[in-house]
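Subject: Structure handover and findings

Hi,

Here is the structure I promised to pass on. Please open it first, then read my notes below.

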Amino acid sequence: MKKLLILATLATASFGQPAFARPAPANPTVVVQHSDLDLRTEAGARTLQHRIRHAVATVCGTASDFDIEGKNDVRQCRKDTRVLASAQAELAIAGAARDRAIQVSSIQR
């Protein structure tokens, strides 16, 4: 009888745990700083893209290797998020290049 009470208590306690779990934020966000980069250079633009890839991996998270559906969800999240973030990066790069003079060179001699 004592063993049944202990098992019942453990079962009840394990069912009650999800109520204490904190829900994940609906749209996790990471701010990618780029004020320290010179986006007019290729190195600056590359560094910004590297930061974006890291931020995308952070906000989309990971899934267990045994969770095929979760892996597909993470893969799709990363793809969609990278597209949106890269569009924002292109705007920042274009804004930085606006101050740069346009160089025109002939391709013929």
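Let me start with the core. The largest nonpolar core has ten residues. They are Leu37, Leu39, Ala45, Leu48, Ile52, Val56, Cys60, Ala89, Ile93 and Ala96. Two elements, H2 and H3, give two or more residues to this core. H2 has the largest share, with five residues. As a general point, nonpolar side chains tend to be buried together in soluble globular proteins. Keep in mind that this is a predicted model.

Overall layout

The chain has three helices and zero strands. From the N terminus on, the order is α-α-α. The chain has 109 residues, and 16% of them count as buried. It exposes about 9,500 Å². Carbon and sulfur atoms supply 59% of that area. Take the contacts in the chain with a separation of 6 or more: 43% of them are between residues 24 or more positions apart.

Core residues up close

Which residues does Ala89 touch, not counting those up to four places away in sequence? The list is Leu48, Gln49 and Ile52. Ala89 itself sits in helix H3. Its relative accessible area is 4%, which is under the 20% limit, so Ala89 is buried. Ala89 and Ile52 are 37 residues apart in sequence. From C-alpha to C-alpha they are 8.4 Å apart in space. Both residues belong to the largest nonpolar core.

Ala96 is another member of that core. Leaving aside neighbours within four places in sequence, Ala96 is in contact with Leu39 and Arg40. Leu39 is also on the core list.

Ala94 lies in helix H3 as well. Is Ala94 buried or partly exposed? Ala94 is partly exposed, with a relative accessible area of 44%. Ala94 and Leu39 are 55 residues apart along the chain. Their C-alpha atoms are separated by 8.5 Å.

The disulfide

How many disulfides are there? The count comes to one. Cys60 and Cys77 form it, with their sulfur atoms 2.1 Å apart. That is within the 2.5 Å cut-off, so the pair counts as a disulfide. The angle about the S-S bond is -75 degrees, and the link is left-handed. Cys60 lies in helix H2 (residues 42-60) and Cys77 in helix H3 (residues 68-97), so the pair ties together parts that are 17 residues apart in sequence. For your bond list: a disulfide is a covalent bond between the sulfur atoms of two cysteines.

The two cysteines differ in burial class. Cys60 is buried, with a relative accessible area of 11%. Cys77 counts as partly exposed, at 27% relative accessibility. Cys60 also appears in the largest nonpolar core.

Around the disulfide

Val74 lies in helix H3. At 14% relative accessibility, Val74 counts as buried. Not counting residues up to four places away in sequence, Val74 touches Cys60, Gly61, Thr62 and Ala63. Val74 and Gly61 are 13 residues apart along the chain, and their C-alpha atoms are separated by 6.8 Å.

Val59 lies in helix H2. Val59 and Cys77 are 18 residues apart in sequence. In space they are 8.8 Å apart, C-alpha to C-alpha. With residues up to four places away in sequence left out, Val59 touches Pro28, Thr29, Val30 and Thr81.

The largest pocket

How much space lies in the largest pocket? About 430 Å³. The lining has 20 residues. Nearest the centre of the pocket lie Val30, Val32, Thr81, Ala85 and Gln88. Val30 and Thr81 are also among the residues that Val59 touches. H2 and H3 each supply at least two residues of the lining. H3 gives the most, with seven residues.

In short

H2 and H3 keep coming up. Both give two or more residues to the largest nonpolar core. Both supply at least two residues of the lining of the largest pocket. The disulfide has Cys60 in H2 and Cys77 in H3.

Best wishes

How values were computed:
Residues are numbered from 1 along each chain as its sequence is written. This is a predicted model: local features need pLDDT of at least 70, side-chain atom pairs count only at pLDDT 80 or more; totals for chains, interfaces and linings use all residues. Side-chain values use heavy atoms; hydrogens and water are left out. Helices (H or I, at least four residues) and strands (E, at least two) are DSSP runs, numbered from the N terminus. Buried means under 20% relative accessible area, exposed over 50%, partly exposed in between (1.4 Å probe, protein chains only). A nonpolar core is a set of buried Ala, Val, Leu, Ile, Met, Phe, Trp, Tyr and Cys residues joined through side-chain atoms within 4.5 Å. Contact means heavy atoms within 4.5 Å. Accessible areas come from the Shrake-Rupley method with a 1.4 Å probe; for residues, only the protein chains shown count as cover. On a 1 Å grid over the protein atoms alone, a cavity is a set of points where a 1.4 Å probe fits but cannot get out, and a pocket is an open set with protein on both sides within 12 Å along at least five of seven lines; lining residues have an atom within 4 Å of a point. Grid points are joined across faces, edges and corners, and a volume is the space filled by probe spheres set on the points.
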